[in-house]
Amino acid sequence: MTPVELSRTVLRAVRCAVDDGELRVAVPERVVVAPPGPGGCGEYATNVALRLARPAGRTPQHVAEVLRARLLRADGIGDVVITGPGFINISLRGSAAPLALVEEILGAGDTDTPYGHLPEGSGERVLLHGAAEVRAFVHLDVLVRMLRSQGCLVRAGCDTAPRPEWTAVLGGGTDHRPVDHRPVDHQPSAASDTLRIDVRPVPAPADPLPLGRDAARWALLLPAAHDRPRIGAEHLAQRESNPLFRVRYAHARTRALLRNAADLGFRPEPGPVGAHGTRPLLAALADHPRVLAAAARHRAPDRLARHLVTVADATQPLLPAVLPLGAEKPSAVHRARLALAEAAGTVLADGLSLLGIDAPDHL
């Protein structure tokens with residue numbers, strides 16, 4: 001069962017409880033499942049009981065117990081535990097969770113809707129209006145990408161046309177539908193159901209263009225919009241103290257492993273990976289759709305940037321155990337670890353792409 005399927009299963013449990021009169025509440029459009037927080041257990045947790053308790057006129061514990069009874073009867077769910085004020089913690093049967101997660105990530109890579117993305121047109125209409133400043137220029141571009149990844153229909157403009165050097169150094173990227181940087185007043189009038197958002201992060205204290213596109217964008221995006229960014233050569237350093245380097249290095253390593261495995265005659269195949277400290281990585285990969293949705297919802301590219309650092313750091317312990325050593329023959333475990341590494345690289349590449357940053361296969 002994938003995170004998406006589990007979310008639908010929880011939503012189905014809510015709907016059935018409402019239909020049977022156990023709960024009197026409006027059924028939400030979606031239910032978010034994510035790795036459990038401190039004090040939680042299992043592979044996934046959801047706060048849906050806390051969300052529904054007040055409108056249902058019940059305690060969160062009561063709502064959680066109603067849903068727990070239904071979830072325990074669902075295929076693929078091994079156990080359901082209620083913790084804290086009403087968090088529902090879900091354990092999947094056997095090794096289905098990691099296997100399904102890797103399959104979902106790799107399978108989505110072959111479609112028009114990457115892992116964590118939603119179909120185009122499934123979200124709200126948004127009109128973004130950016131300030132005439134270099135950091136706002138980059139934030140505007142990335143917010144368009146992130147909101148489109150969540151199915152939103154987005155139009156964007158700014159106070160004035162950007163400076164040519166901003167576009168020359170910081171523009172481009174992988175989104176083939178560029179931002180329309182005409183002043184927003186010249187755009188066609190927005191429909192009444194369009195959400196209008198001003199993009200005005202704290203301005204950059206120095207010119208980021210000497211850093212080049214990738215390092216400059218990272219320097220402007222990593223801090224929260226209300227924080228002042230640091231513009232310095234530390235973003236160019238090829239060492240572990242530089243988070244951008246760690247993210248791009250982890251991605252390049254996963255691609256190198258795929259090339260080396262092909263030379264050894266084996267390919268990735270999702271399966272059990274053995275005990276190699278992969279739980280943090282699996283948790284970070286499973287959390288990617290939630291982080292991406294939250295980053296888009298809160299107009300916060302920094303959340304996505306920090307999440308990529310988490311994924312990259314969690315990937316590193318796996319990498320030395322992917323390829324067979326010495327005369328060792330490639331086994332099912334090696335193929336499964338290679339598939340997990342490929343999934344991590346896929347998430348890193350997608351995240352960097354949304355930030356407008358290159359994800360090279362070689363570093």
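These are my notebook entries on two sheets, one helix and one loop residue in this structure.

**Entry 1: starting out.** I am working with a predicted model. I began with the UniProt record, an unreviewed entry, which places "domain: Arginyl tRNA synthetase N-terminal" at residues 4-92. I looked up the make-up of that stretch and found 42% helix and 18% strand. The C-alpha atoms at the two ends of residues 4-92 sit 13 Å apart.

**Entry 2: the antiparallel sheet.** Next I went after a sheet with the strand order S1-S3-S2. It is an open sheet of three strands, and the pairing is antiparallel. Which strands stand at the edges? I noted strand S1 (44-46) and strand S2 (77-83). Each has a single partner strand, so one side of each is left without a neighbour in the sheet. I also checked the turn between neighbouring strands here, which is 25° on average, ignoring direction.

Then I zoomed in on S2 and strand S3 (residues 87-92), which run antiparallel and are joined by six bridges. I picked out one residue pair: Val 80 has Ile 90 in S3 as its bridge partner. A reminder to myself: strands of a sheet pair through backbone hydrogen bonds, either parallel or antiparallel.

**Entry 3: a helix on top of strands.** I looked for what lies across S2 and S3, and found helix H3 (residues 60-71). H3 runs at about 175° to S2.

**Entry 4: the parallel sheet.** I moved along the chain to another open sheet of three strands, in the order S5-S4-S6. Its pairing is parallel. Strand S5 (153-158) and strand S6 (195-199) are the edge strands, and each pairs on one side only. Neighbouring strands in this sheet are turned by 20° against each other on average, again ignoring direction.

How many bridges link strand S4 (residues 125-130) and S6? I got five, in the parallel sense. I jotted down that Gly 130 is opposite Val 199 in S6.

**Entry 5: one loop residue.** I finished with Ala 132, which is in the loop between S4 and helix H5 (134-149). Why does Ala 132 count as partly exposed? Its relative accessibility is 42%, and the partly exposed class covers values between the buried limit, under 20%, and the exposed limit, over 50%.

I then listed what Ala 132 touches, leaving out neighbours within four places in sequence: Asp 159, Thr 160 and Trp 166. I looked up Pro 203 too: Ala 132 and Pro 203 are 71 residues apart in sequence, with 10.0 Å between their C-alpha atoms.

Note on methods:
Residues are numbered from 1 along each chain as its sequence is written. This is a predicted model: local features need pLDDT of at least 70, side-chain atom pairs count only at pLDDT 80 or more; totals for chains, interfaces and linings use all residues. Side-chain values use heavy atoms; hydrogens and water are left out. UniProt positions are given in the numbering used here, feature names are shortened, and annotations may be inferred rather than shown by experiment. Helices (H or I, at least four residues) and strands (E, at least two) are DSSP runs, numbered from the N terminus. Two strands pair if DSSP finds at least two bridges between them. Axes are lines fitted to C-alpha atoms, for helices over the stretch in contact, and angles run from 0 to 180 degrees between N-to-C directions. Buried means under 20% relative accessible area, exposed over 50%, partly exposed in between (1.4 Å probe, protein chains only). Contact means heavy atoms within 4.5 Å.
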